[in-house]
Amino acid sequence: MAYEYKILIDGKLTESLRGETMEVINPANGTRVALVPKCGPEDVDLAVAAAQRARAAWRNTYVGERSELLMRLAAILRAHEAELVPLETAQYGGPISKTSKFDIPFAPAEFEFIAGLGRGLTGLTISADPTARVMTFREPCGVVGLITPWNFPLVTAVSKLAPALITGNTVVLKPASCAPLTVLKLGEYIVEAGIPAGVVNIVTGPGPSVGEAIVKHPGVDKINFTGDSGVGKRIMSLAAPRVMPVASELGGKNAMIVLDDANLDAAAEGATYAAFFNSGQNCGSPSRFYVQEGIYDAFVERFVKSASKIVVGDPMDPKTMMGPLAYKACRDTAERFIAGAKAAGAKVLLGGDRPLSPDMAKGAFVMPTIFEVYDNRMELMQEEIFAPVVGVMKIKTPEEAVALANDSRYGLCASVWSSDYRKAMLLTEELKVGTAWVNQHLAIVSETPWGGQKESGWTKENSVLVLEEYTYHKHLWVNMAETPNTFWKEYIS
Ligand code: NAD
(Lines give C-alpha, C1' and ligand atoms only; values in the text may rest on other atoms or scores of the structure.)
Protein backbone atom coordinates (compact mmCIF):
# COMPACT_ATOMS: atom_id res chain seq x y z
CA MET A 1 0.00 0.00 0.00
CA ALA A 2 1.26 3.45 -0.87
CA TYR A 3 2.43 5.43 2.14
CA GLU A 4 -0.05 8.08 3.20
CA TYR A 5 1.42 11.56 2.92
CA LYS A 6 0.02 14.61 4.69
CA ILE A 7 0.49 18.33 4.34
CA LEU A 8 1.45 20.39 7.40
CA ILE A 9 -0.75 23.26 8.52
CA ASP A 10 -0.62 24.91 11.93
CA GLY A 11 1.42 22.08 13.42
CA LYS A 12 -0.99 19.39 12.23
CA LEU A 13 -0.38 16.75 9.56
CA THR A 14 -3.56 16.80 7.56
CA GLU A 15 -5.38 16.23 4.24
CA SER A 16 -6.35 18.98 1.83
CA LEU A 17 -9.72 20.57 2.67
CA ARG A 18 -11.34 19.15 -0.47
CA GLY A 19 -9.80 15.73 0.18
CA GLU A 20 -8.40 15.59 -3.36
CA THR A 21 -5.17 13.75 -4.12
CA MET A 22 -2.61 13.57 -6.92
CA GLU A 23 -0.25 10.82 -7.98
CA VAL A 24 3.54 10.79 -7.73
CA ILE A 25 4.92 8.62 -10.52
CA ASN A 26 8.31 6.88 -10.63
CA PRO A 27 9.87 8.14 -13.89
CA ALA A 28 12.10 5.07 -14.17
CA ASN A 29 9.18 2.71 -14.77
CA GLY A 30 5.91 4.64 -14.80
CA THR A 31 4.56 3.07 -11.59
CA ARG A 32 2.82 5.01 -8.82
CA VAL A 33 5.00 5.81 -5.82
CA ALA A 34 2.36 7.51 -3.69
CA LEU A 35 -0.75 9.65 -3.50
CA VAL A 36 -0.39 13.08 -1.96
CA PRO A 37 -2.89 15.80 -1.07
CA LYS A 38 -3.84 18.11 -3.93
CA CYS A 39 -4.46 21.42 -2.20
CA GLY A 40 -6.41 24.43 -3.38
CA PRO A 41 -6.37 28.14 -2.52
CA GLU A 42 -8.47 27.43 0.60
CA ASP A 43 -5.60 25.34 2.04
CA VAL A 44 -3.21 28.19 1.28
CA ASP A 45 -5.54 30.52 3.24
CA LEU A 46 -5.26 28.26 6.28
CA ALA A 47 -1.49 27.93 5.88
CA VAL A 48 -0.95 31.70 5.62
CA ALA A 49 -3.26 32.38 8.57
CA ALA A 50 -1.28 29.88 10.69
CA ALA A 51 2.01 31.47 9.62
CA GLN A 52 0.64 34.91 10.51
CA ARG A 53 -0.42 33.76 13.98
CA ALA A 54 2.97 32.16 14.66
CA ARG A 55 5.13 35.05 13.46
CA ALA A 56 5.28 37.31 16.54
CA ALA A 57 6.29 34.55 18.95
CA TRP A 58 8.80 33.03 16.51
CA ARG A 59 10.58 36.27 15.67
CA ASN A 60 10.86 37.03 19.38
CA THR A 61 12.32 33.62 20.19
CA TYR A 62 16.01 33.80 21.15
CA VAL A 63 18.08 32.87 18.07
CA GLY A 64 19.94 30.25 20.14
CA GLU A 65 16.64 28.49 20.73
CA ARG A 66 15.75 28.59 17.04
CA SER A 67 19.21 27.22 16.32
CA GLU A 68 18.70 24.36 18.77
CA LEU A 69 15.44 23.42 17.06
CA LEU A 70 17.19 23.33 13.68
CA MET A 71 19.92 21.11 15.15
CA ARG A 72 17.24 18.77 16.53
CA LEU A 73 15.62 18.66 13.08
CA ALA A 74 19.03 17.85 11.54
CA ALA A 75 19.46 14.93 13.96
CA ILE A 76 16.02 13.54 13.06
CA LEU A 77 16.84 13.86 9.34
CA ARG A 78 20.09 11.93 9.85
CA ALA A 79 18.24 9.18 11.67
CA HIS A 80 15.91 8.80 8.65
CA GLU A 81 18.53 8.94 5.88
CA ALA A 82 18.13 5.29 4.90
CA GLU A 83 14.40 5.82 4.33
CA LEU A 84 14.74 9.15 2.52
CA VAL A 85 17.37 8.09 -0.04
CA PRO A 86 15.21 5.57 -1.99
CA LEU A 87 12.19 7.84 -1.66
CA GLU A 88 14.02 10.77 -3.27
CA THR A 89 15.23 8.47 -6.05
CA ALA A 90 11.80 6.92 -6.66
CA GLN A 91 9.99 10.23 -6.98
CA TYR A 92 12.20 11.98 -9.53
CA GLY A 93 14.74 9.46 -10.82
CA GLY A 94 17.98 10.89 -9.39
CA PRO A 95 20.27 7.85 -9.10
CA ILE A 96 20.75 6.42 -5.63
CA SER A 97 24.50 7.09 -5.97
CA LYS A 98 23.58 10.79 -6.05
CA THR A 99 20.73 10.90 -3.53
CA SER A 100 22.76 8.91 -0.98
CA LYS A 101 25.97 10.93 -1.40
CA PHE A 102 24.51 14.37 -1.91
CA ASP A 103 20.78 15.14 -1.63
CA ILE A 104 19.87 13.48 1.63
CA PRO A 105 23.09 14.11 3.63
CA PHE A 106 22.95 17.73 2.44
CA ALA A 107 19.70 18.38 4.33
CA PRO A 108 20.93 17.87 7.92
CA ALA A 109 24.31 19.42 7.06
CA GLU A 110 22.59 22.54 5.76
CA PHE A 111 20.39 22.88 8.85
CA GLU A 112 23.52 22.57 11.01
CA PHE A 113 25.46 25.09 8.93
CA ILE A 114 22.66 27.64 9.04
CA ALA A 115 21.92 26.95 12.74
CA GLY A 116 25.43 28.22 13.50
CA LEU A 117 25.69 30.89 10.83
CA GLY A 118 22.43 32.59 11.79
CA ARG A 119 23.55 33.11 15.37
CA GLY A 120 26.26 35.43 14.11
CA LEU A 121 23.89 37.75 12.25
CA THR A 122 24.52 41.40 13.08
CA GLY A 123 23.30 44.83 12.09
CA LEU A 124 25.45 47.91 11.44
CA THR A 125 26.52 50.80 13.60
CA ILE A 126 27.00 53.96 11.58
CA SER A 127 29.01 57.10 12.34
CA ALA A 128 26.50 59.40 10.72
CA ASP A 129 26.39 62.26 13.22
CA PRO A 130 28.25 62.82 16.52
CA THR A 131 25.00 63.93 18.18
CA ALA A 132 23.16 60.75 17.23
CA ARG A 133 23.48 57.02 17.67
CA VAL A 134 22.68 55.35 14.37
CA MET A 135 22.33 51.65 13.75
CA THR A 136 20.47 48.98 11.84
CA PHE A 137 18.52 46.07 13.30
CA ARG A 138 18.01 42.89 11.32
CA GLU A 139 14.33 42.04 11.14
CA PRO A 140 12.71 39.00 9.53
CA CYS A 141 10.68 39.60 6.37
CA GLY A 142 7.55 38.11 7.96
CA VAL A 143 5.61 35.33 6.27
CA VAL A 144 7.69 34.02 3.39
CA GLY A 145 6.33 31.83 0.57
CA LEU A 146 8.92 29.26 -0.53
CA ILE A 147 8.26 27.69 -3.94
CA THR A 148 10.69 24.98 -5.05
CA PRO A 149 11.45 22.77 -8.10
CA TRP A 150 11.85 19.01 -8.52
CA ASN A 151 15.46 18.65 -9.67
CA PHE A 152 16.86 18.60 -6.11
CA PRO A 153 13.58 18.27 -4.22
CA LEU A 154 14.80 18.23 -0.61
CA VAL A 155 17.97 20.26 -1.21
CA THR A 156 16.19 23.28 -2.67
CA ALA A 157 13.50 23.23 0.03
CA VAL A 158 16.02 23.00 2.87
CA SER A 159 18.25 25.68 1.30
CA LYS A 160 15.35 28.11 1.73
CA LEU A 161 13.73 26.77 4.87
CA ALA A 162 16.83 26.80 7.07
CA PRO A 163 17.78 30.49 6.54
CA ALA A 164 14.12 31.56 6.65
CA LEU A 165 13.65 29.95 10.06
CA ILE A 166 16.90 30.94 11.74
CA THR A 167 16.21 34.60 10.91
CA GLY A 168 12.74 34.46 12.49
CA ASN A 169 10.41 34.17 9.51
CA THR A 170 7.42 31.87 9.35
CA VAL A 171 6.82 30.09 6.06
CA VAL A 172 4.43 28.48 3.63
CA LEU A 173 6.41 25.99 1.55
CA LYS A 174 5.25 24.45 -1.73
CA PRO A 175 7.39 21.72 -3.30
CA ALA A 176 7.05 20.66 -6.96
CA SER A 177 3.98 18.54 -7.66
CA CYS A 178 5.88 15.66 -9.24
CA ALA A 179 8.33 15.23 -6.35
CA PRO A 180 6.95 16.43 -3.00
CA LEU A 181 7.51 13.27 -0.90
CA THR A 182 10.74 14.01 0.95
CA VAL A 183 9.51 17.53 1.72
CA LEU A 184 6.30 16.05 3.15
CA LYS A 185 8.42 13.69 5.28
CA LEU A 186 10.33 16.77 6.44
CA GLY A 187 6.95 18.10 7.63
CA GLU A 188 6.63 15.10 9.93
CA TYR A 189 10.13 15.67 11.32
CA ILE A 190 9.36 19.35 11.88
CA VAL A 191 6.51 18.33 14.19
CA GLU A 192 8.74 15.74 15.90
CA ALA A 193 11.50 18.32 16.44
CA GLY A 194 9.06 20.55 18.32
CA ILE A 195 9.15 23.53 15.96
CA PRO A 196 6.10 25.52 17.10
CA ALA A 197 2.80 25.15 15.27
CA GLY A 198 2.35 27.50 12.31
CA VAL A 199 6.05 28.33 11.92
CA VAL A 200 6.34 25.94 8.96
CA ASN A 201 3.35 25.11 6.78
CA ILE A 202 3.68 22.80 3.78
CA VAL A 203 1.10 22.62 0.98
CA THR A 204 1.17 20.57 -2.22
CA GLY A 205 -0.55 21.12 -5.52
CA PRO A 206 -0.21 22.59 -9.00
CA GLY A 207 1.83 25.74 -9.49
CA PRO A 208 -0.85 27.72 -11.37
CA SER A 209 -3.41 27.22 -8.56
CA VAL A 210 -1.57 26.60 -5.26
CA GLY A 211 1.67 28.41 -6.17
CA GLU A 212 -0.19 31.45 -7.46
CA ALA A 213 -2.49 31.46 -4.41
CA ILE A 214 0.62 31.81 -2.22
CA VAL A 215 2.03 34.60 -4.38
CA LYS A 216 -1.25 36.53 -4.49
CA HIS A 217 -2.10 36.12 -0.81
CA PRO A 218 -2.05 39.51 0.96
CA GLY A 219 -0.75 37.82 4.12
CA VAL A 220 2.51 36.80 2.42
CA ASP A 221 5.36 39.33 2.72
CA LYS A 222 7.97 37.86 0.40
CA ILE A 223 8.41 35.01 -2.09
CA ASN A 224 11.58 33.00 -2.50
CA PHE A 225 11.28 31.03 -5.73
CA THR A 226 13.50 28.56 -7.56
CA GLY A 227 12.38 27.35 -10.97
CA ASP A 228 11.94 28.17 -14.60
CA SER A 229 12.62 31.76 -15.76
CA GLY A 230 9.19 32.04 -17.42
CA VAL A 231 7.45 30.99 -14.21
CA GLY A 232 9.67 33.42 -12.29
CA LYS A 233 8.53 36.28 -14.55
CA ARG A 234 4.88 35.29 -14.01
CA ILE A 235 5.40 35.30 -10.23
CA MET A 236 7.10 38.71 -10.38
CA SER A 237 4.18 40.10 -12.38
CA LEU A 238 1.73 38.78 -9.79
CA ALA A 239 3.82 40.30 -7.00
CA ALA A 240 4.20 43.68 -8.72
CA PRO A 241 0.87 45.27 -7.68
CA ARG A 242 1.89 44.94 -4.01
CA VAL A 243 5.58 45.60 -4.77
CA MET A 244 6.24 42.38 -2.93
CA PRO A 245 9.86 41.24 -3.21
CA VAL A 246 10.50 38.01 -5.10
CA ALA A 247 13.87 36.34 -4.54
CA SER A 248 14.51 34.27 -7.63
CA GLU A 249 16.85 31.46 -8.63
CA LEU A 250 15.93 30.82 -12.25
CA GLY A 251 17.09 28.92 -15.31
CA GLY A 252 20.52 28.65 -16.85
CA LYS A 253 22.19 28.02 -20.21
CA ASN A 254 25.72 27.78 -19.01
CA ALA A 255 28.94 27.96 -20.98
CA MET A 256 32.13 25.97 -20.54
CA ILE A 257 35.12 27.54 -22.28
CA VAL A 258 38.06 25.22 -23.04
CA LEU A 259 41.24 26.99 -24.17
CA ASP A 260 44.18 25.57 -26.11
CA ASP A 261 46.35 25.33 -22.99
CA ALA A 262 43.77 23.40 -20.91
CA ASN A 263 44.59 20.07 -19.32
CA LEU A 264 42.68 17.81 -21.72
CA ASP A 265 41.91 14.95 -19.34
CA ALA A 266 40.77 17.31 -16.61
CA ALA A 267 38.56 19.28 -19.00
CA ALA A 268 36.96 16.13 -20.44
CA GLU A 269 36.31 14.72 -16.98
CA GLY A 270 34.88 18.05 -15.77
CA ALA A 271 32.71 18.38 -18.87
CA THR A 272 31.30 14.87 -18.61
CA TYR A 273 30.45 15.16 -14.95
CA ALA A 274 28.99 18.65 -15.03
CA ALA A 275 26.96 18.18 -18.22
CA PHE A 276 25.43 14.80 -17.37
CA PHE A 277 25.28 14.60 -13.57
CA ASN A 278 21.60 14.27 -12.56
CA SER A 279 20.80 13.69 -16.26
CA GLY A 280 21.75 17.29 -16.97
CA GLN A 281 18.83 18.49 -14.85
CA ASN A 282 20.94 21.05 -13.01
CA CYS A 283 20.43 24.76 -13.36
CA GLY A 284 24.25 25.01 -13.26
CA SER A 285 25.11 22.31 -15.82
CA PRO A 286 27.14 23.45 -18.82
CA SER A 287 25.21 22.90 -22.03
CA ARG A 288 27.25 25.13 -24.38
CA PHE A 289 30.91 24.26 -24.93
CA TYR A 290 33.23 26.76 -26.64
CA VAL A 291 36.47 24.99 -27.44
CA GLN A 292 39.54 26.66 -28.97
CA GLU A 293 40.57 25.34 -32.36
CA GLY A 294 44.02 24.05 -31.33
CA ILE A 295 42.55 21.60 -28.81
CA TYR A 296 39.13 21.13 -30.37
CA ASP A 297 39.49 17.70 -32.02
CA ALA A 298 41.33 16.15 -29.08
CA PHE A 299 38.85 17.56 -26.55
CA VAL A 300 35.82 16.42 -28.52
CA GLU A 301 37.26 12.93 -28.86
CA ARG A 302 37.90 12.64 -25.11
CA PHE A 303 34.60 14.22 -24.10
CA VAL A 304 32.64 11.82 -26.32
CA LYS A 305 34.73 8.88 -25.09
CA SER A 306 34.20 9.66 -21.41
CA ALA A 307 30.48 10.48 -21.85
CA SER A 308 29.97 7.17 -23.64
CA LYS A 309 31.12 5.42 -20.44
CA ILE A 310 28.20 6.84 -18.42
CA VAL A 311 26.10 4.00 -17.04
CA VAL A 312 22.45 4.82 -17.78
CA GLY A 313 19.85 2.69 -16.06
CA ASP A 314 17.70 1.88 -13.06
CA PRO A 315 18.33 4.73 -10.60
CA MET A 316 17.95 2.30 -7.67
CA ASP A 317 21.06 0.41 -8.85
CA PRO A 318 24.13 1.83 -7.05
CA LYS A 319 26.19 1.45 -10.24
CA THR A 320 23.87 3.71 -12.24
CA MET A 321 25.34 7.14 -13.02
CA MET A 322 22.40 8.59 -14.97
CA GLY A 323 18.75 7.77 -14.37
CA PRO A 324 15.67 8.92 -16.27
CA LEU A 325 14.45 12.48 -16.60
CA ALA A 326 12.01 13.53 -13.88
CA TYR A 327 8.86 12.78 -15.85
CA LYS A 328 7.78 11.86 -19.36
CA ALA A 329 7.06 15.43 -20.49
CA CYS A 330 10.72 16.29 -19.73
CA ARG A 331 11.81 13.51 -22.08
CA ASP A 332 9.36 14.74 -24.74
CA THR A 333 10.83 18.24 -24.44
CA ALA A 334 14.38 16.90 -24.71
CA GLU A 335 13.45 14.88 -27.79
CA ARG A 336 11.85 17.93 -29.41
CA PHE A 337 15.10 19.86 -28.92
CA ILE A 338 17.15 16.93 -30.26
CA ALA A 339 14.96 16.75 -33.39
CA GLY A 340 15.18 20.54 -33.78
CA ALA A 341 18.97 20.50 -33.51
CA LYS A 342 19.24 17.74 -36.12
CA ALA A 343 16.89 19.63 -38.43
CA ALA A 344 18.97 22.79 -37.97
CA GLY A 345 22.10 20.98 -39.15
CA ALA A 346 23.85 20.12 -35.89
CA LYS A 347 25.89 16.91 -36.08
CA VAL A 348 25.24 14.15 -33.51
CA LEU A 349 28.55 13.12 -31.92
CA LEU A 350 26.96 10.94 -29.23
CA GLY A 351 23.49 9.73 -28.28
CA GLY A 352 20.43 11.54 -29.56
CA ASP A 353 18.10 8.68 -28.70
CA ARG A 354 16.56 6.54 -25.95
CA PRO A 355 18.41 3.55 -24.45
CA LEU A 356 17.90 0.33 -26.40
CA SER A 357 17.37 -1.90 -23.35
CA PRO A 358 13.75 -3.10 -23.07
CA ASP A 359 14.05 -2.74 -19.24
CA MET A 360 14.08 1.00 -19.69
CA ALA A 361 11.28 1.24 -22.26
CA LYS A 362 8.72 2.42 -19.69
CA GLY A 363 10.99 5.06 -18.21
CA ALA A 364 11.67 8.67 -19.24
CA PHE A 365 15.23 7.98 -20.37
CA VAL A 366 17.37 9.98 -22.80
CA MET A 367 20.96 8.94 -23.55
CA PRO A 368 23.82 11.44 -23.03
CA THR A 369 23.77 13.52 -26.19
CA ILE A 370 26.53 15.68 -27.67
CA PHE A 371 26.06 17.79 -30.80
CA GLU A 372 28.65 19.65 -32.83
CA VAL A 373 27.23 23.05 -33.75
CA TYR A 374 28.27 25.97 -35.96
CA ASP A 375 25.86 28.71 -34.96
CA ASN A 376 25.44 30.14 -31.47
CA ARG A 377 21.96 31.44 -32.29
CA MET A 378 20.67 27.87 -32.70
CA GLU A 379 17.90 26.93 -30.27
CA LEU A 380 20.22 24.23 -28.87
CA MET A 381 22.68 26.94 -27.79
CA GLN A 382 20.10 29.44 -26.54
CA GLU A 383 17.27 27.56 -24.79
CA GLU A 384 17.45 25.73 -21.49
CA ILE A 385 16.73 22.07 -22.32
CA PHE A 386 17.25 20.71 -18.78
CA ALA A 387 18.30 17.31 -20.05
CA PRO A 388 21.53 15.50 -21.00
CA VAL A 389 21.80 17.35 -24.32
CA VAL A 390 24.70 19.71 -25.12
CA GLY A 391 26.32 21.52 -28.03
CA VAL A 392 30.05 21.91 -28.73
CA MET A 393 31.35 24.73 -30.93
CA LYS A 394 34.85 25.52 -32.24
CA ILE A 395 36.17 29.01 -31.48
CA LYS A 396 39.34 30.86 -32.49
CA THR A 397 40.15 33.10 -29.51
CA PRO A 398 39.34 33.42 -25.80
CA GLU A 399 37.66 36.76 -26.55
CA GLU A 400 35.35 35.11 -29.08
CA ALA A 401 34.44 32.46 -26.48
CA VAL A 402 33.53 35.13 -23.92
CA ALA A 403 31.42 37.03 -26.46
CA LEU A 404 29.54 33.84 -27.36
CA ALA A 405 29.14 32.86 -23.71
CA ASN A 406 27.61 36.26 -22.98
CA ASP A 407 25.34 36.01 -26.02
CA SER A 408 22.52 34.55 -23.91
CA ARG A 409 19.52 35.83 -21.99
CA TYR A 410 20.71 33.69 -19.07
CA GLY A 411 23.59 34.46 -16.70
CA LEU A 412 23.77 31.78 -14.05
CA CYS A 413 27.30 30.37 -14.24
CA ALA A 414 30.21 29.53 -16.54
CA SER A 415 33.68 28.01 -16.42
CA VAL A 416 37.04 28.62 -18.08
CA TRP A 417 39.53 25.78 -18.52
CA SER A 418 43.17 26.78 -19.00
CA SER A 419 46.57 26.17 -17.39
CA ASP A 420 47.19 29.93 -17.44
CA TYR A 421 45.40 30.98 -14.24
CA ARG A 422 45.98 34.67 -14.76
CA LYS A 423 44.43 34.61 -18.22
CA ALA A 424 41.56 32.43 -17.06
CA MET A 425 40.79 34.60 -14.06
CA LEU A 426 40.82 37.79 -16.15
CA LEU A 427 38.40 36.14 -18.60
CA THR A 428 35.98 35.25 -15.80
CA GLU A 429 35.74 38.99 -15.04
CA GLU A 430 34.21 39.50 -18.50
CA LEU A 431 31.56 36.81 -18.06
CA LYS A 432 28.08 38.11 -17.14
CA VAL A 433 27.26 35.34 -14.67
CA GLY A 434 26.66 34.90 -10.95
CA THR A 435 29.29 32.16 -10.53
CA ALA A 436 32.44 31.54 -12.55
CA TRP A 437 34.86 28.67 -12.05
CA VAL A 438 38.38 28.07 -13.32
CA ASN A 439 39.18 24.42 -14.13
CA GLN A 440 36.00 23.36 -12.34
CA HIS A 441 32.30 23.35 -13.08
CA LEU A 442 29.34 22.64 -10.79
CA ALA A 443 31.15 22.95 -7.47
CA ILE A 444 28.32 24.24 -5.26
CA VAL A 445 28.63 23.97 -1.48
CA SER A 446 26.85 25.54 1.49
CA GLU A 447 29.67 28.00 2.14
CA THR A 448 29.65 29.58 -1.34
CA PRO A 449 26.99 31.91 -2.72
CA TRP A 450 24.80 30.68 -5.54
CA GLY A 451 22.65 32.83 -7.82
CA GLY A 452 22.66 34.42 -11.23
CA GLN A 453 22.42 37.52 -13.35
CA LYS A 454 20.07 38.46 -16.20
CA GLU A 455 17.15 36.03 -16.68
CA SER A 456 18.76 33.56 -14.28
CA GLY A 457 17.56 35.72 -11.38
CA TRP A 458 19.52 37.96 -9.05
CA THR A 459 19.35 36.64 -5.50
CA LYS A 460 21.76 34.50 -3.52
CA GLU A 461 21.30 31.10 -1.98
CA ASN A 462 23.85 29.50 0.40
CA SER A 463 26.78 31.18 2.19
CA VAL A 464 26.54 34.05 4.65
CA LEU A 465 24.82 36.10 1.91
CA VAL A 466 21.65 33.99 2.08
CA LEU A 467 20.75 35.67 5.37
CA GLU A 468 20.26 38.93 3.42
CA GLU A 469 17.36 37.33 1.53
CA TYR A 470 15.36 36.70 4.69
CA THR A 471 15.98 39.89 6.67
CA TYR A 472 15.62 43.64 6.34
CA HIS A 473 17.97 46.18 7.85
CA LYS A 474 15.74 48.49 9.86
CA HIS A 475 17.50 51.79 10.33
CA LEU A 476 17.22 53.42 13.77
CA TRP A 477 18.42 57.01 14.39
CA VAL A 478 18.44 58.18 18.02
CA ASN A 479 19.06 61.90 18.48
CA MET A 480 21.21 62.50 21.57
CA ALA A 481 21.05 66.33 21.36
CA GLU A 482 18.49 68.54 23.14
CA THR A 483 16.86 69.61 19.86
CA PRO A 484 16.40 67.95 16.49
CA ASN A 485 18.81 68.65 13.68
CA THR A 486 16.86 70.68 11.05
CA PHE A 487 17.60 73.24 8.33
CA TRP A 488 14.88 75.55 9.78
CA LYS A 489 16.33 76.06 13.26
CA GLU A 490 17.02 79.79 12.85
CA TYR A 491 13.50 80.50 11.49
CA ILE A 492 11.22 78.53 13.80
CA SER A 493 12.98 78.13 17.17
P1 NAD B 1 9.00 25.23 -12.48
O2 NAD B 1 9.23 26.69 -12.58
O3 NAD B 1 8.10 24.58 -13.46
O4 NAD B 1 8.41 24.87 -11.05
C5 NAD B 1 9.04 25.32 -9.85
C6 NAD B 1 7.98 25.48 -8.78
O7 NAD B 1 7.10 26.54 -9.17
C8 NAD B 1 7.10 24.25 -8.59
O9 NAD B 1 6.79 24.09 -7.22
C10 NAD B 1 5.87 24.60 -9.39
O11 NAD B 1 4.70 23.91 -8.96
C12 NAD B 1 5.76 26.09 -9.11
N13 NAD B 1 4.98 26.85 -10.10
C14 NAD B 1 4.78 26.56 -11.40
N15 NAD B 1 4.00 27.51 -11.97
C16 NAD B 1 3.74 28.42 -11.01
C17 NAD B 1 3.00 29.64 -10.98
N18 NAD B 1 2.38 30.10 -12.06
N19 NAD B 1 2.94 30.33 -9.83
C20 NAD B 1 3.59 29.88 -8.73
N21 NAD B 1 4.28 28.73 -8.68
C22 NAD B 1 4.36 28.01 -9.81
O23 NAD B 1 10.44 24.57 -12.48
P24 NAD B 1 10.81 23.01 -12.46
O25 NAD B 1 10.47 22.43 -13.78
O26 NAD B 1 10.26 22.39 -11.21
O27 NAD B 1 12.40 23.09 -12.28
C28 NAD B 1 13.29 23.29 -13.35
C29 NAD B 1 13.67 24.75 -13.48
O30 NAD B 1 14.19 25.21 -12.25
C31 NAD B 1 14.78 24.97 -14.50
O32 NAD B 1 14.50 26.14 -15.24
C33 NAD B 1 16.01 25.17 -13.63
O34 NAD B 1 17.06 25.87 -14.25
C35 NAD B 1 15.43 25.89 -12.48
N36 NAD B 1 16.30 25.77 -11.31
C37 NAD B 1 17.08 26.85 -10.98
C38 NAD B 1 17.96 26.76 -9.89
C39 NAD B 1 18.85 27.92 -9.52
O40 NAD B 1 19.42 27.87 -8.45
N41 NAD B 1 18.98 28.95 -10.34
C42 NAD B 1 18.02 25.58 -9.15
C43 NAD B 1 17.21 24.52 -9.52
C44 NAD B 1 16.34 24.62 -10.61
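Begin by colouring the two domains separately: in this predicted model, the centres of domain 1 and domain 2, taken over C-alpha atoms, are separated by 31 Å. To make the selections, use the domain assignment of the chain, which gives residues 7-250 together with 457-476 as domain 1, and residues 254-438 as domain 2.

Next, turn the view so that the boundary between the domains faces you, and show the residues on both sides of it. Here 22 residues of domain 1 are in contact with 27 residues of domain 2, and the two domains bury about 1,800 Å² between them, with 61% of that area on carbon and sulfur atoms. What holds for salt bridges between domain 1 and domain 2? Their count across this boundary is zero, whereas six residue pairs, both members at pLDDT 80 or more, are in polar contact between the two domains.

Stay at the boundary and select helix 3 (81-92), helix 4 (96-117) and helix 8 (229-239), which are the elements that give two or more residues to the side of domain 1 that touches domain 2. Of these, helix 3 gives the most, with four residues. If you colour this side of domain 1 by residue type, you will find 11 nonpolar, eight polar and three charged residues.

Now select Trp-150 and Tyr-327 and show their side chains, since the structure holds 10 aromatic pairs and these two residues form one that is edge-to-face, with 6.1 Å from centre to centre and 75° between the planes. This pair links distant parts of the chain, 177 residues apart: Trp-150 is in the loop between strand 7 (143-147) and helix 5 (153-166), while Tyr-327 is in the loop between helix 10 (293-307) and helix 11 (328-343).

From there, move to Arg-78 and Glu-112, which form a salt bridge whose closest N and O atoms are 2.6 Å apart. Arg-78 is in helix 2 (residues 63-79) and Glu-112 is in helix 4, so that the pair, 34 residues apart, again links distant parts of the chain. A search of the whole structure finds 25 salt bridges.

For the last stop, select Gly-227, which is found in the loop between strand 10 (222-226) and helix 8. Which residues does Gly-227 touch, not counting those up to four places away in sequence? Gly-227 touches Glu-249, Leu-250 and Gly-251. If you then add Asn-151 to the selection, the C-alpha atoms of Gly-227 and Asn-151 are separated by 9.3 Å, although these residues are 76 residues apart along the chain.

How values were computed
Residues numbered from 1 in each chain as written. Predicted model: local features only at pLDDT ≥ 70, side-chain atom pairs only at ≥ 80, totals over all residues. Heavy atoms only, no water. Domains from an automatic or database assignment. Contact = heavy atoms within 4.5 Å. Buried area = accessible area lost by both parts, 1.4 Å probe. Salt bridge = Lys/Arg side-chain N within 4 Å of Asp/Glu carboxyl O. Polar contact = N/O pair within 3.5 Å; in protein donor to acceptor, adjacent residues only side chain to side chain. Nonpolar A, V, L, I, M, F, W, Y, C, P; charged D, E, K, R; others polar. Phe/Tyr/Trp six-rings, centres within 6.5 Å; stacked < 30°, edge-to-face > 60°.
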